[in-house]
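Q: I have a model open here and would like to go through a few local details. Can you take short questions as they come?

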Amino acid sequence: MEKKKLNWWIRFCCFLSGWNQGILRNCSEYSFKKLKRIISGLIIISIIWALVFYKFSMLYLGLGMMGSIIVGFVGLIIVILIERQIILHVTKTNWVNTFRISLAILMAIIASTIIDQVIFKQDIDQKREKRIQEQVNKIIPEKTKQIDSIISGFRDDLVKKEEELKQLQKELKDNPIIKTWKEKSFKTIKTITDSLSKQDKKDTVINKEYDQVLSQNPKFKDLGVIRAERDAIKNKISVKENEKRDIRDNVEKEERSRTTFLQELDILFREVLFNYTIAFVFWIILFLFFTLLELLVLFATMGSCDYENIVKSQMKKYSPPEDDIK
């Protein structure tokens, strides 16, 4: 049989499937058609899963467009490698088929669920908003009570500080000037006659005098400190009152930031799919659609071709006898 030339598309198909180009050159047209069927199913599945990985990373991982594209590309490679496990199995056993069907069901569940979260995004957002409002209504009374308690403590401190300031102002009003005494000392020399020796002796005597000094009451310095402390307490009260006024917006923002994939998944099944029959039927249809798509490659590999027969003959030829294995 004349060796066939392989165009770029067939070479690319061999690259994706793992088929040997040298063997394929000697095969019939049926092998080429089977390879094309396999790669067609593989490309369809890979594109869908690349989009699923991209959308998932965009919505829930927050990777941005470039990061999501990278994740989608990695997912595409993973799917191709998984499908190769089926494509390169020349002998299809029941275990292989069971494994592929089970894997197809699991992948279909994942894909249909993520796609449903995108399709029913508006319904999920409405249900999530309702949940958020219910949670906010539960949290606000407790948060308000905590803030009121803090404000009450600040107001008590403010009353004490105002009373302290008032007393200090009264004291400074009554005694703005205080009197102090400044000590002055000087030396004088006195001549003292000793009664026994009748001799004169000089002795130094230190004399002290006190002058009255008027000065401003030093507690005026405390006045500025107490006022600053009072203003700081007023500022704290103002901050807490603003926080109390904006408590709903802050709590809603905090609750929305906690939204996760599992929360949306719970809303999807509990409040959308199980509450609306048409939505559940649509999910079943989507699940079956993805299951059949996942099985495309398996169906395409069914039925042997001369390429696989050549590989099987090589396996028999080069496989060691069972006695040698033992």
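Q: Is Ile 69 buried, exposed or partly exposed?
A: Ile 69 is partly exposed, at a relative accessible area of 42%. Buried means under 20% relative accessible area, exposed over 50%, and partly exposed in between, with a 1.4 Å probe and protein chains only. This is a predicted model: local features need pLDDT of at least 70, side-chain atom pairs count only at pLDDT 80 or more, and totals for chains, interfaces and linings use all residues. Residues are numbered from 1 along each chain as its sequence is written, and side-chain values use heavy atoms, with hydrogens and water left out.

Q: Where does Ile 69 sit?
A: In helix 4, residues 64-87. Helices are DSSP runs (H or I, at least four residues), numbered from the N terminus.

Q: New topic: how many disulfides are there?
A: Zero, a disulfide being a pair of cysteine sulfur atoms within 2.5 Å.

Q: What about Cys 14, how far is the nearest cysteine sulfur?
A: That of Cys 13 is 7.0 Å away, and Cys 14 is in no disulfide. Cys 14 is buried, at 3% relative accessible area.

Q: And why no bond for Cys 305?
A: Because its closest cysteine sulfur, in Cys 27, is 6.6 Å away, too far for a bond. Cys 305 is buried, with a relative accessible area of 1%.

Q: Which residues does Gly 18 touch?
A: Arg 84 and Leu 88, leaving aside residues up to four places away in sequence; contact means heavy atoms within 4.5 Å. Gly 18 and Leu 88 are 70 residues apart in sequence, with their C-alpha atoms 7.0 Å apart.

Q: Where is Gly 18 placed?
A: In the loop between helix 1 (8-17) and helix 2 (21-24).

Notes: Helices (H or I, at least four residues) and strands (E, at least two) are DSSP runs, numbered from the N terminus.
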